[in-house]
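The following exercises are to be worked with the sequence and the three-dimensional structure in view. Each task is followed by a solution in steps.

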Amino acid sequence: MIRAVRPSFAALALWLAWGATPNVAVAEDCPGNPDAIGTSRTIAVDPAEHPRIGAMNYPETLPLAEKEVVLTFDDGPIAPYTGKVLDILASQCVHATYFIVGEMARTRPELVRRAYREGHTIATHSMTHPYAFKGLPFDKAKAQIEDGIEATSAALGDSKSLAPFFRFPGFGRTDKAEDYAASRGLMVWSADVPADDWMHIGDREITRRALMRLEHKGRGVLLLHDIHPATVLALPVLLKELKARGFHIVHVVPASADHPKTETTAEAWLVPNRRKPAAPALTLAEVQNLNGDFLAQHPGADLCTPQVMSPKSFQRSRNLAARASRHFSASRRFAHARSARSGRWFAPMWY
Ligand SMILES: [Zn+2]
């Protein structure tokens with residue numbers, strides 16, 4: 001929730017001098033927890049204008065500013081982990097988006113209602129979470145989408161409480177299923193940053209990967225799952241670290257009469273074209289001894305052979321090459337491959 005506060009006279013004068021609206025959004029007060037990261041702002045989005053978001057699959061993502069993070073939790077609800085995640089989020093005054101699986105909602109409807117009651121956005125993630133969603137015949141894919149919406153609405157007791165946001169299981173999108181989702185007013189969410197919490201890597205590694213990737217991208221929609229104990233263990237540390245590193249949590253809701261669409265520019269929705277970490281450039285001067293009249297004494301071909309280098313500079317070049325190689329493989333691990341044929345971003349694994 002965004003709270004408008006009355007700024008001081010000096011601040012008011014400054015805002016008016018800039019011609020800006022004298023409303024300042026501040027992190028929600030978090031009773032009993034002055035160290036909470038809180039929710040810095042809520043944005044309202046219109047699925048009709050932006051039917052597909054998330055850098056892992058699409059050229060658009062949410063219009064976040066630098067250091068803003070949207071938390072998403074998939075695959076629940078399940079006891080006791082969904083409840084524990086809700087406890088942590090409540091203690092930190094953080095609002096997230098839940099992508100609910102229909103059959104899970106049928107089993108634990110009270111957890112869906114609790115998440116909604118506590119201010120989270122409730123969205124859907126199919127009926128039974130088929131991992132081979134991409135390979136489903138269209139009529140089955142359509143039924144998965146519809147049944148998931150129906151079951152989650154039933155758990156909420158009110159279809160109006162459900163956000164028209166949908167995430168494909170395993171990001172198993174198809175053009176036809178995407179078109180169908182758009183035709184019925186759904187905004188399809190991919191994600192910007194996975195934390196690999198479904199891979200049984202342990203809470204420390206989940207935290208490390210989430211932070212490392214968010215630091216690398218600078219912002220993003222973070223993909224988490226509230227069905228794993230390791231995610232529950234990781235979450236308090238992750239939120240603490242995010243706060244310490246200057247990140248802010250943003251809550252997303254569908255635009256409505258209560259939440260008018262947040263004004264943005266078209267550019268704000270484009271996936272930031274961040275410079276990929278480049279391998280350190282190896283300059284000739286770094287790997288070869290160019291003292292004195294070295295260049296004059298050697299033909300051009302010699303400059304590319306280790307024989308003419310001093311043993312010391314040769315070793316230096318090997319070290320630099322090894323460093324460059326490590327750097328490259330590390331950057332490859334963070335980067336998501338891009339399909340040469342379609343030009344779409346895709347995630348080379350299931351979620
Ligand atoms: Zn899932």
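A residue is buried if 20 or more other C-beta atoms lie within 10 Å of its own, exposed if 12 or fewer, and partly exposed in between. The model is a predicted one. By this criterion, 35% of the 351 residues of the protein count as buried, and its secondary structure comes to 11 helices and 12 strands.

**Exercise 1. Classify Cys93, Lys67 and Ala244 as buried, partly exposed or exposed, and locate each of them.**

Step 1. Cys93 has 20 C-beta neighbours inside 10 Å and therefore counts as buried. Cys93 is placed in the loop between helix 2 and strand 6.

Step 2. Lys67 has 15 such neighbours inside 10 Å, so it counts as partly exposed. Lys67 belongs to the loop between strand 4 (52-53) and strand 5.

Step 3. Ala244 is exposed because it has 11 other C-beta atoms within 10 Å. Ala244 is part of helix 8. The C-alpha atom of Ala244 is separated by 8.9 Å from that of Ile37, 207 residues apart along the chain.

**Exercise 2. Identify the backbone exceptions around strand 5 and helix 2.**

Step 1. Begin with the general expectation: most residues other than glycine have a negative phi, and most peptide bonds are trans.

Step 2. Examine phi. Lys67, although not a glycine, has a positive phi of about 70°. Cys93, also not a glycine, has a positive phi of about 55°; this residue follows helix 2.

Step 3. Examine omega. The peptide bond from Gly76 to Pro77 is cis, with omega near 5°. Ala79 and Pro80 are likewise joined by a cis peptide bond, with omega about 0°. Pro77 lies in the loop between strand 5 and helix 2, and Pro80 is found in that loop as well.

**Exercise 3. Describe how strand 6 is paired and where its side chains point.**

Step 1. Consider strand 5 (residues 68-74), which pairs with strand 6 in the parallel sense over 3 bridges. Asp74 stands opposite Phe99 in strand 6.

Step 2. Consider strand 7 (residues 121-124), which pairs with strand 6 in the parallel sense over 4 bridges. Here Thr124 of strand 7 is the bridge partner of Ile100.

Step 3. Follow the connection. Strand 5, helix 2 (residues 81-91) and strand 6 form a right-handed β-α-β unit.

Step 4. Assign the faces. In a regular strand the side chains alternate between the two faces of the sheet. In strand 6 (residues 97-100), Thr97 and Phe99 point one way, Tyr98 and Ile100 point the other way, and all are buried.

**Exercise 4. Which residues of helix 2 are buried, and against which elements do they pack?**

Step 1. The buried residues of helix 2 are Tyr81, Thr82, Val85, Leu86 and Leu89.

Step 2. These residues cover an arc of only 140° around the axis, and therefore lie on the same side of helix 2.

Step 3. The buried residues of helix 2 pack against strand 5, helix 4 (109-117) and helix 8.

**Exercise 5. Characterise the largest nonpolar core.**

Step 1. In soluble globular proteins, nonpolar side chains tend to be buried together.

Step 2. The largest nonpolar core has 75 residues, and those with the most contacts inside it include Val69, Ile100, Val112 and Ile122. Helix 8 (residues 229-244) gives the most to this core, with 7 residues.

Step 3. Take Ile122 as an example. Leaving aside neighbours within four places in sequence, the contacts of Ile122 include Tyr98, Ile100, Val112, Leu156 and Leu162.

Step 4. For the protein overall, residues 24 or more positions apart account for 75% of the contacts with a separation of 6 or more.

Technical notes. Residues are numbered from 1 along each chain as its sequence is written. This is a predicted model: local features need pLDDT of at least 70, side-chain atom pairs count only at pLDDT 80 or more; totals for chains, interfaces and linings use all residues. A nonpolar core is a set of buried Ala, Val, Leu, Ile, Met, Phe, Trp, Tyr and Cys residues joined through C-beta atoms within 7 Å. Helices (H or I, at least four residues) and strands (E, at least two) are DSSP runs, numbered from the N terminus. Two residues are in contact if their C-beta atoms, placed from the backbone, lie within 7 Å. Two strands pair if DSSP finds at least two bridges between them. A crossover is right-handed if, with the strands pointing away from the viewer, the path from the first strand over the helix to the second runs clockwise. The arc is that of the directions from the helix axis to the C-beta atoms.
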